[in-house]
Amino acid sequence: MAVRVKLNDNSRVVLKTLDGNVSAALNAMGIKAQNLILRQMQQGYGKPIRQTGNLQRDVQYEVNERAKVVRVGNTLEYASYVHEGTSKMAGRPYIQDGLTGESHGKQLRKVAEEALKNGF
């Protein structure tokens, strides 16, 4: 007795789901990175990085879906002086420390993994 097997090609559905999940993962990573940086600014250097609060409010992320990249940072002119320091002030690299601190990479990977697995 011959057994017949019918295969259905669901590759389009899988690819569409995965594409949506990649977009969701990039946005989730942007939000998580933004939160990690803000926490670093508030708790990472003994006292918060805050004069007016503008620098904290300016921490933002941007997703480039075509390149599959998330950019996180500030747009304020003086942000680099706070981050890198000056001849009169030590730097407080809140972006670098916020993203590379203990367990932060794991947290970013976890939110990406959760978004990528959605629907599978």
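**Close-up views of a predicted model**

**View 1. Buried residues of helix α1.** The residues of α1 that are buried are N21, S23, A25, L26, G30, A33, Q34, L36, I37, L38, Q40 and M41. The model shown in this and the following views is a predicted one. Elements covering these buried residues include α2 (54-57), β1, β2, α4 and α5. Helix α1 comprises 33 residues, for which a span of 48 Å is expected at 1.5 Å a residue; the C-alpha atoms at its ends lie 47 Å apart, in agreement with that value.

**View 2. Surroundings of Q34 in helix α1.** Residue Q34 belongs to helix α1. Its relative accessible area is 19%, and because the limit for a buried residue is under 20%, Q34 counts as buried. When neighbours within four places in sequence are left aside, Q34 is in contact with V59, Q60, Y61 and V72. The strands β1 (60-64) and β2 (69-73) are among the elements that cover the buried residues of α1.

**View 3. The two sides of helix α5.** Helix α5 runs from residue 104 to residue 117 and has 14 residues. From its first C-alpha to its last it reaches 20 Å, close to the 20 Å expected at 1.5 Å a residue. Which residues of α5 are buried? They are H104, L108, V111, A112 and A115. These residues lie on the same side of α5, because they cover an arc of only 95° around the axis. K106, E114 and K117, on the other side of α5, are exposed. The cover over the buried residues of α5 includes α1 (11-43) and α4 (94-100).

**View 4. Residues flanking helix α5.** S103 is located in the loop between α4 and α5. Its phi is positive, about 70°, although S103 is not a glycine. Most residues other than glycine have a negative phi. With a relative accessibility of 37%, S103 is partly exposed. G119 follows α5, and the phi of G119 is also positive, near 90°.

**View 5. A nonpolar surface patch.** V14, L18, L116 and F120 make a nonpolar patch of about 350 Å² on the surface. Of these residues, V14 is located in helix α1. The relative accessible area of V14 is 38%, and V14 is accordingly classed as partly exposed.

**View 6. The loop between β1 and β2.** The loop between β1 (60-64) and β2 (69-73) contains K68. What is the sign of phi in K68? The phi of K68 is positive, near 60°, in a residue other than glycine. K68 has a relative accessibility of 44% and counts as partly exposed.

**View 7. E77 and L55.** E77 occupies a position in the loop between β2 and α3 (79-84). Is E77 buried or exposed? At a relative accessibility of 69%, E77 is exposed, because the limit for an exposed residue is over 50%. E77 and L55 are separated by 22 residues in sequence, and their C-alpha atoms are 9.8 Å apart in space.

How values were computed. Residues numbered from 1 in each chain as written. Predicted model: local features only at pLDDT ≥ 70, side-chain atom pairs only at ≥ 80, totals over all residues. Heavy atoms only, no water. Helix = DSSP H or I, 4+ residues; strand = E, 2+ residues; numbered from the N terminus. Expected span 1.5 Å × (residues − 1). Buried < 20%, exposed > 50% of the residue type's maximum accessible area, 1.4 Å probe, protein only. Arc of directions from axis to C-beta. Contact = heavy atoms within 4.5 Å. Patch = residues over 30% accessible without salt bridge, like charges linked within 9 Å, V, L, I, M, F, W, Y side chains within 5 Å. Areas by Shrake-Rupley, 256 points an atom, 1.4 Å probe, with all protein chains shown as cover. Salt bridge = Lys/Arg side-chain N within 4 Å of Asp/Glu carboxyl O.
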